[in-house]
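I am opening a notebook on this structure. My entries follow what I looked up, one topic after another.

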Number of protein chains: 2
Amino acid sequence: MAASGRRTRSPRGEDERTLVAWLASLPATGGRLGDDAATFAARAAHVVTVDSQIAGVHFVPDLEPEVIARRLIAINLSDVAAMGARPSHAFLALAAPPGFPHRRFFTALLRHAAKHGLLLAGGDLARAPQVYASLTVIGERWPRARRWLRRDEARPGDAILLGGTVGESALGLELVRRGARLASARGVTFPRSLRLPPGLLRAARRAVRRHLLPEPQLELGGWLATRRRGAALDVSDGVARDLHRLCAASGTGAAVELERLPRPAGFEPLAAWLGLEPRPLLLGGGEDYVLLFTLPPSEAALATQRGARLIGRVERAPAITLVLGGGRREPLPDLGWDNLRAHGAREPVSARA
Amino acid sequence: MAASGRRTRSPRGEDERTLVAWLASLPATGGRLGDDAATFAARAAHVVTVDSQIAGVHFVPDLEPEVIARRLIAINLSDVAAMGARPSHAFLALAAPPGFPHRRFFTALLRHAAKHGLLLAGGDLARAPQVYASLTVIGERWPRARRWLRRDEARPGDAILLGGTVGESALGLELVRRGARLASARGVTFPRSLRLPPGLLRAARRAVRRHLLPEPQLELGGWLATRRRGAALDVSDGVARDLHRLCAASGTGAAVELERLPRPAGFEPLAAWLGLEPRPLLLGGGEDYVLLFTLPPSEAALATQRGARLIGRVERAPAITLVLGGGRREPLPDLGWDNLRAHGAREPVSARA
């Protein structure tokens, strides 16, 4: 479904975008759905975001409680980063089966929260057959911020930038599906049966870590909030889908150069060894948790000095195109993850196509 | 376990109170866990609460989506009421299986939210094998409120009051377990095999509604917030356990008169027909979602004029006692629901004892 770029209505229910568009059109949602987090209160003094991690849906059921906790925080904080906010308070809803090591989970959660200045201020506990953790995070303004970041502020001519590499998390997921594990004490391990070539070990370890323990780009988001203008969101469902979202919100098109998409070291050999096509991984692998943003061209160099990579330009025409080697252009399909359609553990696009 | 009042450490994990006490002692939670919602931000301008509804844990799996939505809102707003706050913004995390009628769920959620002035401002959607809904609600001050309500402000000599009847929700749960259902269109229905006597029909219907669609006491909470002093919380896990919590937080004891606990009309005959002991239902049935609060004796009459019932007195001695007919006193056991120990659908205390 996803890789073809066609939108079909599943007989088992509608897709996420249609549902969210319907919700956003209703008065009782205040017309404010759509960004990575909601702003609320007089003078929009805070942002609020909520994200969940469910065993068997977002991670393999035997993931260590410490890793679940850190991943839950990281994914929420990536939304806070995408608003240009600083995390302040968190509220947890945790359901877990009997015997779940709550203290290990909470110890890791609180340690990781404190690292980011986040206070766990409340929550709700329940028992359930599987782990279901949902975190609500409230963010506030950084001291020098001028604004919240929004996805609808791209203008034709803007530079399009990525805060980090893409595709690596999808490689990590594939390795986890083949038995790679991350234990707090032992680091990343691979099953002997995988026969991973030693030359790929380093890239493979990094991919597993990147998938399980993403690093939210809070500093970059905070810096973007000091700029006057430009759209931003975090790449959770694939850079292609998230760029479509940014352009749809801003009423613009875009041209992205495939060769400029930043890849981690060892990306191509590892993808090849896993038998995966690099392009769908880069464009639609998802869970990259880097910021995708636009800036006026004069400010792009300031962002690249901070490690971001220029990948394309915002265009007036509504088309979203991928520029290949030699300047050939083709439509960039809206491929990536749909939270309502997907089932089982998240799969890389190549396996879903 | 629960009805005996003894606290045992389960081999399958610790209990909720021990875990929450440990959490509250850690610096990264800010020492603020314990009330029904958290206050946060400069000058504590808002409260935040989070509560979940999980299929098979908090409700029977075939519950209609409209009822799940209304129950989710009601249970969260009961916490907001217990803080003396007015609901303002909600954030939803919803995981549901393929084919779940999202629009029916959201239509009911938004209609019920709007009724209480609550805006759905954001959320997160996922697929999962069962329905898991978690709602975070932000509340603000009522215009005439002087304070947030807290559970640690009871003083010896205070009157103890209940905002409504107890035990009815537990009867309703028992009826649901025996096949009673609530359909938005058809109202409460009972299976023919139940052979419910016609004289109990009215009380039974009301009990099922009370269990599935509790009414948060927002007005009463708002009024309490205009008073200078007094502790409050909402009765979610049974009046006995919640009174223990209030007294532990306030450093007091209490004496409650069994005969003063307000029962709904037809409570005893319905309990008898269901083969359930009335006393554990009243004291530990739980999910009553009425406010349990204390006030200086001079203000108790103002509360009873608003429909609350005087049930006892706060005492200096740390004992929590139940006063029976003829003035006989016995210790009131800390019985009720434990969110970590319980499994399967919530059961009335009599079935767990």
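**Entry: a central strand.** I looked up the partner of A:Ile160 and found that A:Ile160 stands opposite A:Thr294 in E11(A). I note at once that this is a predicted model. The strand E11 of chain A covers residues 291-295. E6(A) and E11(A) run antiparallel and are joined by 4 bridges.

Next I checked the pairing of E6(A) with E12(A), residues 309-315. This pairing is antiparallel too, over 4 bridges. Here A:Leu161 has A:Leu310 in E12(A) as its bridge partner.

Then I asked which way the side chains of E6(A) point. In a regular strand, side chains alternate between the two faces of the sheet. A:Ala159 and A:Leu161 point one way from the strand, residues 159-162. A:Ile160 and A:Leu162 point the other way. All four are buried.

**Entry: the whole sheet.** I wanted to know in what order the strands lie. The order in chain A is E9-E11-E6-E12-E10-E13-E14. This is an open sheet of 7 strands with mixed pairing. Its edge strands are E9 (232-234) and E14 (329-331) of chain A, and each pairs on one side only. I also looked up the turn between neighbouring strands of this sheet: on average it is 25°, direction ignored.

I followed one more pair within the sheet. E10(A), residues 253-257, runs antiparallel to E12(A), with 4 bridges between them. A:Ala255 has A:Arg313 in E12(A) as its bridge partner.

**Entry: aromatic rings.** How many aromatic pairs does a search of the whole structure find? I got 5 over all chains. I took up the pair B:Phe105 and B:Phe106: the ring centres are 5.5 Å apart and the planes stand at 90°, so the pair is edge-to-face. The cut-off for that class is over 60 degrees. I then checked whether these rings are buried or exposed. B:Phe105 is buried, at a relative accessible area of 0%. B:Phe106 is buried as well, at 2%.

In chain A I found a cluster: ring pairs link A:Phe100, A:Phe105 and A:Phe106.

**Entry: arginine over tryptophan.** I looked for a charge over a ring. A:Arg141 lies over the face of A:Trp148, 4.7 Å from the ring centre. In chain B, I found B:Arg141 over the face of B:Trp148, also at 4.7 Å from the ring centre.

**Entry: cysteines.** I searched for disulfides. A disulfide is a covalent bond between the sulfur atoms of two cysteines. The count over all chains is 0. I looked at two cysteines all the same. A:Cys247 is buried, with a relative accessible area of 3%. B:Cys247 counts as buried at 2% relative accessibility.

**Entry: positive phi.** Most residues other than glycine have a negative phi. I therefore noted two residues with a positive value, A:Glu287 and B:Arg195, with the general rule in mind.

A:Glu287 has a phi of about 55°. I placed A:Glu287 in the loop between helix H9 (278-284) and E11 of chain A. Is A:Glu287 buried or exposed? A:Glu287 is buried, with a relative accessible area of 2%.

For B:Arg195, phi is near 50°. B:Arg195 sits in the loop between strand E8 (187-189) and helix H5 (201-212) of chain B. B:Arg195 counts as exposed, at 71% relative accessibility. The cut-off for exposed is over 50%.

**Entry: two more arginines.** I looked up A:Arg177 and found it in helix H4 of chain A, residues 168-177. At 41% relative accessibility, A:Arg177 counts as partly exposed. I then set A:Arg177 against A:Phe59. They are 118 residues apart in sequence and 9.7 Å apart in space, C-alpha to C-alpha.

My last look was at B:Arg241, in helix H7 (residues 239-250) of chain B. B:Arg241 is buried, with a relative accessible area of 6%. What lies 2.7 Å from a polar atom of its side chain? I found the backbone oxygen of B:Asp334 there.

Terms used: Residues are numbered from 1 along each chain as its sequence is written. Chains are lettered from A and ligands numbered from 1 in the order in which they are written. This is a predicted model: local features need pLDDT of at least 70, side-chain atom pairs count only at pLDDT 80 or more; totals for chains, interfaces and linings use all residues. Side-chain values use heavy atoms; hydrogens and water are left out. Rings of Phe, Tyr and Trp (its six-membered ring) pair if their centres lie within 6.5 Å; planes under 30 degrees apart count as stacked, over 60 as edge-to-face and the rest as tilted. Buried means under 20% relative accessible area, exposed over 50%, partly exposed in between (1.4 Å probe, protein chains only). A charge sits over a ring if NZ of Lys or CZ of Arg is within 6 Å of the ring centre and within 35 degrees of the ring normal. Helices (H or I, at least four residues) and strands (E, at least two) are DSSP runs, numbered from the N terminus. Two strands pair if DSSP finds at least two bridges between them. A disulfide is a pair of cysteine sulfur atoms within 2.5 Å. A polar contact is a pair of N or O atoms within 3.5 Å; within protein, one must be able to donate a hydrogen and the other to accept it, and residues adjacent in sequence count only if both atoms are side-chain atoms. Axes are lines fitted to C-alpha atoms, for helices over the stretch in contact, and angles run from 0 to 180 degrees between N-to-C directions.
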